[in-house]
Every structure is written in C-alpha cells, then in structure tokens.
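Please walk me through this two-chain model. Start with how far to trust it, then go through the helices and the contact between the chains.

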Amino acid sequence: MNRILSYQEKNTWIHRLSGITKLIFFLLWCITSAMTYDTRVLLLMILVSFILFAVSKTEWRQVSSVFKFIALMMVINVIAIFLLSPYQGCEIYGSKTVMMPFFKGHDVTGEELFYLFNVVIKYFTVTPAIFIFLVTTNPSEFAASLNMVGIPYTIAYSVAIALRYIPDVQGDFQRIRNAQEARGIEMSAKAKLIERIRRTSSIIFPLLFSTMERIDVVSNAMELRGFGKKRGRTWYAHKRLEAIDYICLALTAVFCVGALVFTYYDGSRFYNPFAQ
Amino acid sequence: MNRKFGIKEVVAIGIGTALFVVLTQVQIPIGIPNTALQPRMAVLAFLSAIFGPVVGAVIGLLGHALGDALFYGSVWWSWVFPEAVVGIGIGLCAKKFAVREGGFTKKNIVLFNTVQVVANAIAWILVAPVLDILVYAEPANKVFLQGAFAFLGDIIIIGVLGSILLAAYSRIAGKSSSLTKED
C-alpha cells in the first residue's frame with residue numbers, strides 16, 4: 001500500500017537531527033496547536049511548518065495521496081459542523097453577522113465561516129510536522145534516543161518493534177487478502193452488514209493468528225539472547241545530541257511559549273476580528 | 001525488572017501495535033458518512049483480553065496515534081486517549097477471561113461483553129467528546145453524536161468479531177498443550 005508514509009534516507013540537517021529532538025518538537029508543536037485557536041498564531045505555525053517541509057526536501061509525491069485524503073476528510077467535517085451547529089461560531093465570537101440566508105435556522109454567518117476556517121487551518125498546522133517526523137526519522141535511532149531520555153528500554157524496544165514490523169504485517173495482510181480474493185471472497189461494499197463482518201474476519205483470522213505465532217517466535221528469540229536480563233543496554237544506532245539539536249529545542253520552546261502567551265494574553269484562546 | 005512486564009509483553013506491544021496500525025485501512029462502512037466499523041478495535045480488545053491492561057493501553061495510544069499519522073497524516077489527540085481507556089478497561093479483567101487456559105466460554109463471553117460495553121461507554125460517550133470540546137472547541141451536539149456512533153460501532157465490532165476471535169483462540173490455545181508456561 002503506497003499510502004503508508006515511511007522513512008527515507010536523505011542528507012539534510014533535519015534528517016541529521018536526533019530522533020528525540022524531532023519528537024519533542026513534534027509533541028510541543030501538537031500541544032501548542034491543540035491549545036491555541038488564535039488565527040494569527042495558527043497561520044504563523046502553518047507558514048513555519050511548510051518552510052520546514054520544504055527544507056527537509058520531502059517530496060510532494062511522498063505525501064500527496066495522504067494529503068488529498070485529509071483534505072476530503074476536512075471537507076466532510078466542516079459540512080457536518082455547519083449542518084449540526086450553524087451558530088457555533090456566533091457563540092464563540094459573541095456576535096452574529098448574517099452573510100447569506102441559507103434556509104430557516106441555518107443562515108451562513110461570517111462568524112461561522114471564520115470559525116470553520118480556523119478549524120481547517122488548526123488541522124493543517126499539525127500535518128506537515130507529522131509528515132516531516134515520519135519521513136525523516138530512522139526508527140532504530142529513534143528507539144535509541146527514546147531510551148536516552150529516560151524511557152525504559154523495554155518500552156523503547158516495543159516502539160522499535162512496532163515500527164520494524166509494520167511493513168511485515170502489511171505484507172502478510174496483502175498476501176492474505178489476495179489469497180482470499182482469489183478464493184472468491186469479494187470485499188466490495190455491496191453485501192449486507194453481517195456478511196461484510198464475516199468477510200472481513202476471513203482476513204483478520206489468519207492475520208491475527210499468524211501474528212500471535214510471530215509474537216511467540218520473536219519473544220522466544222529475544223529470551224534466548226538474554227533480552228531484559230540487565231537494567232540497561234547499549235544501542236547500535238545511538239547518536240549524541242549535538243549543538244544543532246540544542247538550538248532547535250531552544251527555538252521550539254521559545255516559539256511555543258511565545259505562541260501560548262500571545263494567545264492567552266487577552267484572556268481568550270480565540271482571535272476575535274468581529275469585536276469592536 | 002517487573003515480572004509481570006516480561007519479554008512477551010514487550011513483543012506483544014510492538015507487533016500488536018503494528019497489526020493495529022495495518023488494520024487501520026480495513027473499515028466496514030455502515031452507511032453513515034464518516035463512520036465505519038473498525039475491525040482494528042476487535043484486535044485491540046483481543047490483545048487486551050490476553051495480555052492485560054498495560055499492553056492494551058500502549059497499543060491503543062501508540063497504535064491509534066501512529067495509524068492516524070501514517071494513513072491520515074494527522075493525529076486527532078482527543079480520540080487517541082479513549083482508545084487507551086478501552087484497552088485498560090478490557091485488560092483489567094484479562095485474568096478472569098482465562099483465554100490462554102481455554103476457559104473463554106459462555107460465562108466469560110458474557111463477562112467480556114459487559115466489560116467492553118462499559119469501557120466503550122466511558123471512552124466514547126464521556127472521554128472523547130469532553131476532550132473534543134476542550135481541545136478542538138467543536139460543537140457539543142456534533143461531538144456527542146460522533147461519540148455515540150463510535151460507541152455503537154465499537155460495541156458491535158468488538159461484540160461480534162472480538163468474541164469470535166477470543167473464543168476461537170481460546171479453543172486452540174487451550175487444546176494445544178496441557179503444560180503451563182513458567183514465568
């Protein structure tokens with residue numbers, strides 16, 4: 001499935017950053033984006049993340065199909081909000097400017113349009129950050145750096161195993177689906193609900209049971225090699241934090257604190273262009 | 001090292017998360033826009049019921065965040081945490097289900113379904129909409145409606161597919177050996 005994003009080796013300074021730097025950036029970025037609803041902050045964040053996106057030499061081809069899919073989801077979400085709550089924006093901004101009557105009780109207001117605009121850009125502030133994180137972070141190096149910041153190495157190892165096995169399980173999944181389709185089990189959406197569950201389970205059964213077997217095999221192999229006997233372990237892919245990492249972390253922290261102070265300065269997380 | 005959290009759990013989290021992420025692409029549409037049955041929830045319930053609450057919680061958090069990021073390019077955080085709530089809720093009764101010992105029969109199927117309905121109710125009717133409102137300031141009636149659909153979808157898929165998977169696995173695992181594993 002080419003819709004899955006995956007790590008690609010390239011030589012930019014973003015690729016050379018430690019995995020933990022990128023994770024902290026990503027988490028702080030998400031938290032800031034989750035807390036603010038200030039249009040100006042959100043627009044600045046979008047601008048910054050698209051600049052980083054370009055700097056990391058991520059190609060549009062790598063992410064375009066995912067991107068189009070998100071755009072479609074957003075359109076549906078926006079329509080759902082408008083149909084269910086046409087005056088959410090008016091409640092938030094405390095005024096009502098009717099731009100265009102739609103039908104009874106569902107006028108299109110400036111506040112609602114502005115609120116929906118904010119919902120959309122809020123969503124898109126995070127997307128480039130995720131793309132960058134996923135396509136520029138080496139999974140093994142990432143697990144090593146998780147351990148370095150104090151996360152127990154068993155958990156770090158779980159994360160590494162997850163990232164390592166996604167392509168394998170994906171391969172199993174495709175093989176099983178092809179095999180079942182070859183046997184005449186059609187996966188299209190024409191059948192009845194219970195029939196669809198039955199057909200899906202004809203894929204999930206073999207996939208899940210082979211996964212359980214794989215868990216046994218892998219954990220036995222690790223046990224034989226003495227995994228988990230000592231308190232610590234060393235990592236082949238470990239990288240030290242360098243000056244550029246500290247600079248990036250400092251800049252991220254300053255930016256996020258600044259953005260939140262700016263947002264909450266007037267006591268509201270929303271930027272209100274409708275107030276006089 | 002904590003005995004309860006051994007190698008098997010580490011690997012179960014890793015490979016379980018991978019499976020959960022891969023199954024993100026399998027959705028059974030039920031005719032309501034933007035809502036579908038998610039077989040991955042049945043897998044989460046299955047793994048929680050076997051490996052316990054920690055494994056369930058981490059697979060829920062990591063799997064949902066990673067799956068969303070890989071397939072949808074964004075993470076809807078307010079729906080990541082309820083996933084962990086479901087994993088913990090079902091995982092807490094893992095010992096009682098006795099799946100690996102071949103004891104997942106009628107009485108435990110009823111218990112499993114009671115637990116999953118309660119866990120899903122807390123997750124999707126309480127936690128998810130409240131986080132949606134706090135984080136994303138979305139309209140209350142919309143998020144509670146979405147939460148209700150997610151709740152219904154999940155209890156159906158876990159109730160049907162999850163129960164079948166557990167019962168089948170319990171039959172196989174219980175029969176294949178009379179020996180017990182030494183921890």
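What follows takes confidence, then chain A, then the contact, then chain B.

This is a predicted model. Its scores are ipTM 0.83 and pTM 0.79. Chain A has an average pLDDT of 83, with 96% of the residues scoring at least 70. Within chain A, the lowest confidence falls in strand β1 (residues 98–100), at a mean of 77. The highest falls in helix α10 (residues 243–264) of chain A, at 90. Chain B averages a pLDDT of 84, and 89% of its residues score at least 70. In chain B the low point is strand β1 (residues 28–29), at a mean of 76. The high point there is helix α1 (residues 7–22) of chain B, at 92.

Now the layout of chain A. The domain assignment splits chain A into domain 1 (1–138 + 239–276) and domain 2 (139–236). Domain 1 is thus written as two segments of chain A. The centres of the two domains, taken over C-alpha atoms, are separated by 30 Å. Nine residues of domain 1 of chain A contact nine residues of domain 2 of chain A. On the domain 1 side, those residues are four nonpolar, four polar and one charged.

Take the helices of chain A one at a time. α2(A) has 17 residues. From its first C-alpha to its last it reaches 24 Å, close to the 24 Å expected at 1.5 Å a residue. Which residues of α2(A) are buried? They are G19(A), I20(A), T21(A), K22(A), F25(A), F26(A), W29(A), T32(A) and S33(A). The cover over these buried residues includes α3 (39–55), α6, α7 (139–148) and α10 of chain A. A general point helps in reading such a list. An α-helix has 3.6 residues a turn, so residues three or four places apart point the same way.

One of the covering elements, helix α3 of chain A, holds L47(A). Is L47(A) buried or exposed? L47(A) counts as exposed, because it has 11 C-beta neighbours inside 10 Å. The limit for exposed is 12 or fewer. L47(A) and C256(A) are 209 residues apart in sequence, and their C-alpha atoms are 14 Å apart in space.

α4(A) has 25 residues. Its end-to-end C-alpha reach is 35 Å, close to the 36 Å expected at 1.5 Å a residue. α4(A) also has a kink of about 30 degrees, centred on V66(A). V66(A) is one of the buried residues of α4(A), along with V63(A), I81(A) and F82(A).

α8(A) has 30 residues. At 1.5 Å a residue they should span 44 Å, and the end C-alpha atoms are 43 Å apart, so the two values agree. α8(A) has a kink too, of about 40 degrees, at Y165(A). The kink lies shortly before the proline P167(A). After α8(A) comes G184(A), with a positive phi near 95 degrees.

Next, the contact between the chains. Chain A gives 54 residues and chain B gives 48 residues. On the chain A side, the elements that give two or more residues are α2 (19–35), α4 (60–84), α5 (88–93), α6 (110–136), α8 (153–182) and α9 (193–224) of chain A. The largest share comes from α9(A), with 14 residues. By type, the chain A side divides into 39 nonpolar, 11 polar and four charged residues. The kinked helices α4(A) and α8(A) are among the elements that contribute to this side.

Turn to chain B. It has seven helices and two strands. From the N terminus on, its elements run α-β-β-α-α-α-α-α-α. Chain B has 183 residues, and 54% of them count as buried. Of its contacts with a separation of 6 or more, 73% join residues 24 or more positions apart.

One residue gives a local view of chain B. Where does Q38(B) lie? Q38(B) is in the loop between β2 (36–37) and α2 (39–51) of chain B. It counts as buried because it has 22 C-beta neighbours inside 10 Å. The threshold for buried is 20 or more. Leaving out residues up to four places away in sequence, Q38(B) touches Q27(B), G153(B) and I157(B). The C-alpha atoms of Q38(B) and V26(B) are separated by 6.9 Å, though the two residues are 12 residues apart along the chain.

Note on methods:
Residues numbered from 1 in each chain as written. Chains lettered and ligands numbered in written order. Predicted model: local features only at pLDDT ≥ 70, side-chain atom pairs only at ≥ 80, totals over all residues. Contact = placed C-beta atoms within 7 Å. Helix = DSSP H or I, 4+ residues; strand = E, 2+ residues; numbered from the N terminus. Nonpolar A, V, L, I, M, F, W, Y, C, P; charged D, E, K, R; others polar. pLDDT = per-residue confidence, 0-100. Expected span 1.5 Å × (residues − 1). Bend = angle between axes of the 7 residues up to and from the residue. Domains from an automatic or database assignment.
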